[in-house]
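Dear colleague,

Please find below the structure that I would like to hand over to you. My notes on what was found follow directly after it.

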Amino acid sequence: MPAVTIRNLSEEAHRALKVRAAQHNRSTEAEMRAILEAAVRPAGRLRIGTALSEMSRKIGLTNADVEALEQTRDTRPAQPMRFG
């Protein structure tokens with residue numbers, strides 16, 4: 001797993017991180033991970049699995065429908081296209 005080193009962090013910022021971590025009952029390192037994750041993975045992002053699930057519910061797709069599709073699906077490996 002990648003590691004990150006943060007240099008030149010002010011004492012004030014470090015103290016604030018320690019306080020915030022204590023408020024969330026986690027270590028300072030865990031708090032920094034949570035802050036970074038929240039920054040790069042915003043809550044409003046589109047999650048493809050969730051979007052597909054919602055679409056399926058809207059059109060009334062059931063597990064039985066999915067099972068029927070699976071039974072008729074061609075499971076043979078795809079063949080490369082031939083030209084000429």
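**The largest pocket**

M1, P2, A3, V4, I6, E29, M32, R33, L36 and E37 line the largest pocket. Please bear in mind throughout that this is a predicted model. The volume of the largest pocket comes to about 410 Å³. By character, the lining comprises seven nonpolar residues and three charged ones, with no polar residue.

**The annotated domain**

The UniProt record, an unreviewed entry, carries the annotation "domain: Antitoxin FitA-like ribbon-helix-helix" for residues 2-40. In the model, that stretch is 67% helix and 0% strand. The C-alpha atoms at the two ends of residues 2-40 are 15 Å apart.

**E31 and its partners**

Within helix α2, which spans residues 28-40, one finds E31. Is E31 buried or exposed? E31 has a relative accessibility of 0% and therefore counts as buried, given that the cut-off for a buried residue is under 20%. Leaving aside residues up to four places away in sequence, E31 is in contact with L17, R20, A21, H24 and R26.

Two of these contacts deserve separate mention. The side chain of E31 forms a salt bridge with that of R20, with an N to O distance of 2.6 Å. R20 belongs to helix α1 (residues 11-23) and E31 to helix α2, so this pair ties together parts that are 11 residues apart in sequence. R20 itself is partly exposed, because its relative accessibility is 39%, which falls between the limits of 20% and 50%.

E31 also forms a salt bridge with R26, and here the closest N and O atoms are 2.6 Å apart. With a relative accessible area of 37%, R26 is likewise partly exposed. Taken together, R20, R26 and E31 are linked in a network of salt bridges. In this network the acidic partner, E31, is buried, whereas R20 and R26 are partly exposed.

**Other salt bridges**

How many salt bridges does the structure hold? There are six. Besides those made by E31, they include one between the side chains of R73 and E70, with an N to O distance of 3.5 Å. E70 counts as partly exposed, its relative accessibility being 45%.

**Backbone at two asparagines**

Two further residues may be of interest for their backbone angles. As general background, most residues other than glycine have a negative phi.

Which sign does phi take at N8? The angle is positive, at about 60 degrees, although N8 is not a glycine. N8 is placed in the segment before α1. The relative accessible area of N8 is 80%, so this residue is exposed; the cut-off for an exposed residue is over 50%.

N25 also has a positive phi, near 55 degrees, and is a residue other than glycine. The location of N25 is the loop between α1 and α2. N25 counts as exposed because its relative accessibility is 74%.

**Points to look at**

When you open the model, you may wish to begin with the pocket lining, which includes M32 and R33. You could then turn to E31 in helix α2 and follow its salt bridges to R20 and R26. N8, in the segment before α1, and N25, in the loop between α1 and α2, could be viewed last.

With kind regards

How values were computed
Residues numbered from 1 in each chain as written. Predicted model: local features only at pLDDT ≥ 70, side-chain atom pairs only at ≥ 80, totals over all residues. Heavy atoms only, no water. 1 Å grid on protein atoms, 1.4 Å probe; cavity = no way out; pocket = protein on both sides within 12 Å on 5 of 7 lines; lining within 4 Å. Points joined across faces, edges and corners; volume = space filled by probe spheres on them. Nonpolar A, V, L, I, M, F, W, Y, C, P; charged D, E, K, R; others polar. UniProt positions renumbered as here; feature names shortened; annotations may be inferred. Helix = DSSP H or I, 4+ residues; strand = E, 2+ residues; numbered from the N terminus. Buried < 20%, exposed > 50% of the residue type's maximum accessible area, 1.4 Å probe, protein only. Contact = heavy atoms within 4.5 Å. Salt bridge = Lys/Arg side-chain N within 4 Å of Asp/Glu carboxyl O.
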